[in-house]
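Student: I've got a model open and I'd like to know how the labels on it are earned. Can we go through a few?

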Amino acid sequence: MRLRRAVETDWPAIWPLWHEVVAAGDTYCYDPRTDIESGRALWFGPVPEQTWVAEQRGQVLGTYHLSPNQAGPGAHIANASYMVRSDARGRGLGRRMVEHSLRTAAAAGFRGVQFNAVAATNVHAIRLYHELGFATIGTVPAGFRHPRAGFTDLLIMFREL
């Protein structure tokens with residue numbers, strides 16, 4: 001497994017994974033009907049945003065996006081999003097990407113990482129984030145409309161670097 005910085009020409013390999021995760025509608029606040037070009041604009045932003053891929057034998061199995069959480073006076077706190085292809089889950093790839101993103105964010109000068117919207121039903125991600133030192137610092141009651149569980153809470157999570 002290799003993690004490397006993604007380039008725009010990686011988008012055709014990232015898109016099927018990105019679309020699979022977003023279309024499921026059960027973890028991200030992105031519109032499940034997001035088209036390929038809108039998805040690219042969301043995942044490949046301007047500098048200082050970074051996009052990374054996790055690949056094995058030339059196959060993209062995961063990706064993450066790292067960016068400032070806010071502009072201006074809030075730009076010292078990062079935000080990150082992670083996606084793992086469904087057939088690659090359960091092998092520690094998500095953990096490797098989160099750990100890598102924490103090192104990458106620290107090297108870029110960020111002082112912390114904040115997740116603004118973690119669906120409370122995403123129990124595997126929440127457990128991983130807690131294991132890696134994130135704290136749940138807030139809850140948006142019924143802030144996420146899960147396709148099967150209905151309205152569920154959104155968690156705000158934070159970790160200092």
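Tutor: Sure. Keep in mind that this is a predicted model. To start, a helix here is a DSSP run of H or I with at least four residues, numbered from the N terminus. Tyr129 is found in one of these, helix 4, residues 123-131.

Student: Why is Tyr129 called buried?

Tutor: Buried means under 20% relative accessible area. Tyr129 has 10%, so the label fits. As for its company, Tyr129 touches Tyr82, Val98, Phe115, Val118, Phe134 and Met157, leaving aside residues up to four places away in sequence.

Student: Two of those are Phe115 and Phe134. What makes that pair stacked?

Tutor: Rings pair if their centres lie within 6.5 Å, and planes under 30 degrees apart count as stacked. For Phe115 and Phe134 the centres are 4.5 Å apart and the planes sit at 20°, so the pair is stacked. It also links distant parts of the chain: Phe115 is in strand 5 (residues 112-119), while Phe134 is in the loop between helix 4 and strand 6, 19 residues apart. Both Phe115 and Phe134 are buried.

Student: And why are Trp11 and Trp15 called tilted?

Tutor: Planes under 30 degrees apart would be stacked and over 60 edge-to-face, with the rest tilted. Trp11 and Trp15 have 50° between the planes, at 5.8 Å centre to centre, and the label is tilted. They are 4 residues apart in helix 1 (residues 11-24), so about one helical turn separates them.

Student: Which aromatic cluster are they in?

Tutor: One that joins Trp11, Trp15, Trp18, Tyr28, Tyr30, Trp43 and Phe44.

Definitions and conventions: Residues are numbered from 1 along each chain as its sequence is written. This is a predicted model: local features need pLDDT of at least 70, side-chain atom pairs count only at pLDDT 80 or more; totals for chains, interfaces and linings use all residues. Side-chain values use heavy atoms; hydrogens and water are left out. Helices (H or I, at least four residues) and strands (E, at least two) are DSSP runs, numbered from the N terminus. Buried means under 20% relative accessible area, exposed over 50%, partly exposed in between (1.4 Å probe, protein chains only). Contact means heavy atoms within 4.5 Å. Rings of Phe, Tyr and Trp (its six-membered ring) pair if their centres lie within 6.5 Å; planes under 30 degrees apart count as stacked, over 60 as edge-to-face and the rest as tilted.
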